Amino acid sequence: MPIIKILPHNDFCPEGAEIQAPAGTSICEALLDNDIAIEHACEMSCACTTCHVIVRQGGDSLNEPEEGEEDMLDRAWGLEPQSRLSCQAILAQQDVTIEIPKYSINHARENH
């Protein structure tokens, strides 16, 4: 089973974490199943960018992004070449390291 290493994030995973998930699982599902409450405003339907992650290692083992995901990513805050929507990034057999960006476009979660 592949391991997902999550780099520290102040809100979702302050100390970082390593979790296991079966191949064929989306990164978003794996995080949620392991009590890492990543935002997913569209309920994982590829209609927002709140579950945006940056795949720091192991990205080549994930499924290729489809056009709809690439179009949505254009709206993500802090977009990088390794950015993926975690609801669309499906694990294979290789371990991955991800970073959850500091901000998302989900205004409902912003602290004012």
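**View 1. Ser-61 sits in the loop between strand 3 and helix 2.** In this predicted model, the loop follows strand 3 (52–57) and leads to helix 2 (67–73), with Ser-61 in between. Is Ser-61 buried or exposed? With a relative accessibility of 16%, Ser-61 comes out as buried, because the cut-off for that label is under 20%. Look for the backbone oxygen of Gly-58: a polar atom of the Ser-61 side chain is 2.8 Å away from that oxygen. Once neighbours within four places in sequence are set aside, Ser-61 touches Ala-92, Gln-94 and Val-96.

**View 2. Five strands make up an open sheet.** Reading across, the strand order is 2-1-5-3-4, and the pairing is mixed. Strand 2 (17–20) and strand 4 (83–85) take the edge positions; each has a single partner strand, so one side of each has no neighbour in the sheet. Going from one strand to the next, the twist averages 35°. As a reminder, strands of a sheet pair through backbone hydrogen bonds, in either a parallel or an antiparallel way.

**View 3. Strand 1 pairs with strand 5 in parallel and with strand 2 antiparallel.** How many bridges join strand 1 to strand 5? Three bridges link residues 3–6 of strand 1 with residues 96–99 of strand 5. Here you can find Ile-4 opposite Val-96 and Lys-5 opposite Thr-97. Val-96 has already turned up in the first view, as one of the contacts of Ser-61. Over on the strand 2 side, four bridges hold the antiparallel pair together, and Ile-3 stands opposite Gln-20.

**View 4. Strand 1 has one covered face and one uncovered face.** Which residues belong to the covered face of strand 1? Ile-4 and Ile-6 do, while Ile-3 and Lys-5 make up the uncovered face. That fits a simple rule: side chains in a regular strand alternate between the two faces of the sheet. To tie this to the pairing, Ile-4 on the covered face is the residue across from Val-96, and Lys-5 on the uncovered face is the one across from Thr-97.

**View 5. Thirteen residues line the second largest pocket.** The volume of this second largest pocket is about 220 Å³. Which lining residues lie nearest its centre? Those are Gly-59, Glu-64, Pro-65, Pro-81 and Arg-84. Helix 2 and strand 4 both contribute to the lining, each with at least two residues. Strand 4 is also one of the edge strands of the sheet.

Methods. Residues numbered from 1 in each chain as written. Predicted model: local features only at pLDDT ≥ 70, side-chain atom pairs only at ≥ 80, totals over all residues. Heavy atoms only, no water. Buried < 20%, exposed > 50% of the residue type's maximum accessible area, 1.4 Å probe, protein only. Polar contact = N/O pair within 3.5 Å; in protein donor to acceptor, adjacent residues only side chain to side chain. Contact = heavy atoms within 4.5 Å. Pairing = 2+ DSSP bridges. Axes fitted to C-alpha atoms, helices over the stretch in contact; angles between N-to-C directions. 1 Å grid on protein atoms, 1.4 Å probe; cavity = no way out; pocket = protein on both sides within 12 Å on 5 of 7 lines; lining within 4 Å. Points joined across faces, edges and corners; volume = space filled by probe spheres on them.
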